[in-house]
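Student: I should like to look closely at one part of this structure and then see how its surroundings are arranged. Please take a single residue as the starting point and build the account outwards from there.

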Amino acid sequence: MESYREKLKQESWILGLSCVVLLVFGALGILGEAGLIEFGPGAGDSHWQSQWRGGITGSCFALCILLAVGLILDLSALRSQEKLKKHYVKSHDERTIQVRTAAQAAGCRIFLILGLVAAVVAGYFHMVVSLTILACVFALAIVCAGLKLYYFKKF
């Protein structure tokens, strides 16, 4: 249980640092929109730049909230031995692990198939968008294939 406590402490540090980085980028988006600093994409008109800053700011703060919830749960588990045991059991439950693994594999397959369909459909409207989608699908396929090879050799 002590090794799990150390792992949870390390995870808490990473979550806390991630929250700080996200808050910095969210603040940069707000300051850029207010015109106090120069922060935004180099291309596009003022409406596009404003939309980009708003999207970045909103995404950063939303992700920060999710990470903060995880951080609070981890810190509360670290404070109580009983909560730590519950957290350990929940994170190491075999059924939960199998469901998560199956869902991630199915999600990857669905993304690969629908991504190819989206690339074909986008090709009729804009070739750059189509090639970008195709590049994302290809990158995911390479990562999946590499991880399969890694795990087949590991086990």
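Student: What is the relative accessible area of Gly16, and into which class of exposure does Gly16 fall?

Tutor: The model is a predicted one, and the account below should be read accordingly. Gly16 has a relative accessible area of 22% and is therefore partly exposed, because the buried class ends under 20%. The residue belongs to helix α1. In sequence Gly16 is separated from Ala68 by 52 residues, yet in space the two C-alpha atoms are 7.4 Å apart.

A second approach between distant parts of the sequence is found at Thr57, a residue of helix α2, which spans residues 46–79. Neighbours within four places in sequence aside, Thr57 is in contact with Gly26, Gly29 and Ile30. Thr57 has a relative accessibility of 10% and so counts as buried, the limit being 20%. Gly16, at 22%, is on the other side of that limit and is partly exposed.

The cysteines may be taken next. With a disulfide requiring two cysteine sulfur atoms within 2.5 Å, the count for this model is zero. Cys60 takes part in no disulfide, and the cysteine sulfur nearest to its own, that of Cys64, is 8.7 Å away. The relative accessible area of Cys60 is 9%, so this residue is buried. Cys64 is likewise in no disulfide; its nearest cysteine sulfur belongs to Cys19, at 3.8 Å. That distance exceeds the 2.5 Å cut-off, and for this reason the two sulfur atoms do not count as a disulfide. Cys64 also counts as buried, with a relative accessibility of 9%.

Returning to the helix that holds Gly16, one can follow its packing against another helix. Two packed helices are in general described by the angle between their axes and the distance between the axes. Helix α1 covers residues 2–34 and helix α3 covers residues 81–91; their axes come within 11 Å and cross at roughly 85 degrees. An angle of this size falls in the range of 65 to 115 degrees, and α1 and α3 are therefore roughly perpendicular to each other. On the α1 side the contact is made by Tyr4, Arg5 and Leu8, and on the α3 side by Gln81, Leu84, His87, Tyr88 and Ser91. Taken by character, the residues of this contact comprise four that are nonpolar, three that are polar and one that is charged.

Met1, in the segment before α1, provides a further link to this region. With neighbours within four places in sequence set aside, Met1 is in contact with Gln81, Leu84, Lys85 and Tyr88. Gln81 and Met1 are 80 residues apart in sequence, while their C-alpha atoms are 9.4 Å apart. Met1 has a relative accessible area of 40%, which means that this residue is partly exposed.

Leu112 lies in helix α4, residues 94–123. Its relative accessibility is 22%, so Leu112 counts as partly exposed. Residues up to four places away not being counted, Leu112 touches Val137, Leu140 and Ala141. The separation of Leu112 from Cys60 is 52 residues in sequence and 27 Å between C-alpha atoms. For Gly16 and Ala68, also 52 residues apart in sequence, the C-alpha distance is 7.4 Å.

The last part of the picture is aromatic. A pair of aromatic rings is described by the distance of the centres and the angle of the planes. With ring centres required to lie within 6.5 Å, the model has three aromatic pairs. The rings of Tyr150 and Tyr151 have centres 5.0 Å apart and planes at 75 degrees, so this pair is edge-to-face. The rings of Tyr151 and Phe155 have centres 6.0 Å apart and planes at 10 degrees, so this pair is stacked. Together, Tyr150, Tyr151 and Phe155 form one aromatic cluster. Within it, Tyr150 is partly exposed at 46% relative accessible area, and Tyr151 is partly exposed at 40%. Phe155 has a relative accessible area of 77% and is exposed.

Definitions and conventions. Residues numbered from 1 in each chain as written. Predicted model: local features only at pLDDT ≥ 70, side-chain atom pairs only at ≥ 80, totals over all residues. Heavy atoms only, no water. Phe/Tyr/Trp six-rings, centres within 6.5 Å; stacked < 30°, edge-to-face > 60°. Buried < 20%, exposed > 50% of the residue type's maximum accessible area, 1.4 Å probe, protein only. Axes fitted to C-alpha atoms, helices over the stretch in contact; angles between N-to-C directions. Helix = DSSP H or I, 4+ residues; strand = E, 2+ residues; numbered from the N terminus. Parallel < 35°, antiparallel > 145°, perpendicular 65-115°, else oblique. Contact = heavy atoms within 4.5 Å. Nonpolar A, V, L, I, M, F, W, Y, C, P; charged D, E, K, R; others polar.
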